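Hi,

Here is the structure I promised to pass on. Have a look first, and my notes follow underneath.

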Amino acid sequence: MNKRAYNFNAGPAALPLEVLQQAQEQFVDFQGIGMSIMEISHRSKQYEQVHHETQDLLRELMNIPSNYKILFLQGGASTQFAMIPMNLVKSGQMSSYVHTGSWANKAIKEAKLFGEVQIAASSKEQEFKEIPDLSKLAINPKAAYLHVTSNETIGGIQYSEYPNTGDIPLIADMSSDILCRPVDVSRFGMIYAGAQKNLGPSGVTLVIAREDLVQQSPEHVPTMFRYDTHVENNSLYNTPPVYSIYMVNLVLKWIKGKGGLAEVQQFNTEKASLIYDAIDSSNGFYKGVAVPKDRSIMNITFTMSSEELEKQFIAESQKEGFVGLKGHRSVGGLRASTYNAVPYESCKALADFMIDFQKRNG
Ligand code: PMP
């Protein structure tokens, strides 16, 4: 095998090499059945075992209480943007959102299709470089929930503490930071995430929901868009994305092997610090985008003094085997995504490259 790339892609993103190798070993013959897992029924005992084991692993790793359902859906986190208001906002209610950037904005746009939306807090005036102050949140009492975007993948800001919402369910889009650290699931009404950053390949969307919220969807909601359909059928109403769920299963075992989420958090913090330190000790050669208190440990965003220099940085980094460092097309600049599966060595190599690039061009 050629040397693996230093993969800083924002998503789909790096997967653990061990997981890829395990999947490769079982690719054409899953557990000695003479077929791959993609070639058997989703109602077979072999697949059902994977399905249930994946749910059990999530419950264990995230310490998910027994009154929460774990669903495997399709359509990405983007479909959840619509499914949440479609199912949860009942007549006479509205929804409430914290606006922190591009992904919050997309969720808000969909919610507006299903009723009135309150923007309970926004960091728009701060150009989404920070999480707004949520200590004095005034959530409209008619709100069915408050929605937050736990980690803004494009802006590179992340909640360090979630707001207190009292009796109003808190819903979090954790697409780009699920499993990066321990969270107290019992504080949330719902957590959801597209898989393709910290969980596995794209194709499956994880929804963790308090059961009272997803027991009964409004009558007019079509079958596949109803949470109650998927709850009643344990995500086996129709054919689930079998291979993606199988890969999530392997990733969860890999995380368990690392010791769990507290260990993963420590590891992620160390990795991100290598790169933030290179930014902070550069005397302004590199400028971090996010306000330091809200810096993401998953997506590190920074800029340089000119677009030319940034282009040169990207071109040279590519020659050295770095991938995915260009910022999102909507904001420009640079971004290093340091998800769970990005090795320490990649982050160290990037920090070293940044320091060296500055020496040569500063
Ligand atoms: N929310 C966040 C925070 C994301 O980063 C993304 C994808 N980059 C999405 C939602 C959309 O996810 P999907 O592509 O699975 O619809």
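The secondary structure comes to nine helices and 14 strands. Do keep in mind that this is a predicted model.

On overall shape, a compact globule of 362 residues would have a radius of gyration near 21 Å, and this protein has 21 Å, so the two agree. Along the principal axes, the C-alpha trace spans about 65 × 60 × 30 Å. Of the 362 residues, 47% are buried. I also checked how far along the chain the contacts reach: taking those with a separation of 6 or more, 67% join residues 24 or more positions apart.

One strand worth opening in your viewer is E2, residues 68-73. Six of its six residues are buried, so E2 is largely enclosed by the rest of the structure. In a regular strand, side chains alternate between the two faces of the sheet. For E2, that puts Tyr68, Ile70 and Phe72 on one side and Lys69, Leu71 and Leu73 on the other, and both faces are covered. Note that Lys69 is among the buried ones.

What does E2 pair with? Its partner is strand E10 (residues 205-210), in the antiparallel sense and over six bridges. If you want a spot to find that pairing on screen, Phe72 has Leu206 of E10 as its bridge partner.

Now for the annotation. An unreviewed UniProt entry places the feature "binding site" at Ala77, Ser78, Trp103, Thr153, Asp173, Gln196, Asn238 and Thr239. Why do these not all gather at one spot? They span 163 residues in sequence, and the farthest two C-alpha atoms are 30.7 Å apart, so a single cluster is ruled out.

I looked at two of these positions in detail:

- Ser78 sits in helix H3, which covers residues 76-88. It counts as partly exposed because it has 15 other C-beta atoms within 10 Å, where 20 or more would make a residue buried and 12 or fewer exposed.
- Thr153 lies in the loop between strand E6 (151-152) and strand E7 (157-158). Thr153 is buried, with 25 other C-beta atoms within 10 Å. Leaving aside residues up to four places away in sequence, Thr153 touches Ala10, Gly11, Trp103, Ser176 and Asn299. One of those, Trp103, is also on the UniProt list.

So the record's list includes both a partly exposed residue, Ser78, and a buried one, Thr153.

Happy browsing!

Conventions: Residues are numbered from 1 along each chain as its sequence is written. This is a predicted model: local features need pLDDT of at least 70, side-chain atom pairs count only at pLDDT 80 or more; totals for chains, interfaces and linings use all residues. UniProt positions are given in the numbering used here, feature names are shortened, and annotations may be inferred rather than shown by experiment. Helices (H or I, at least four residues) and strands (E, at least two) are DSSP runs, numbered from the N terminus. Two residues are in contact if their C-beta atoms, placed from the backbone, lie within 7 Å. The radius of gyration is taken over C-alpha atoms; the globule rule is 2.2 Å times the number of residues to the power 0.38. Two strands pair if DSSP finds at least two bridges between them.
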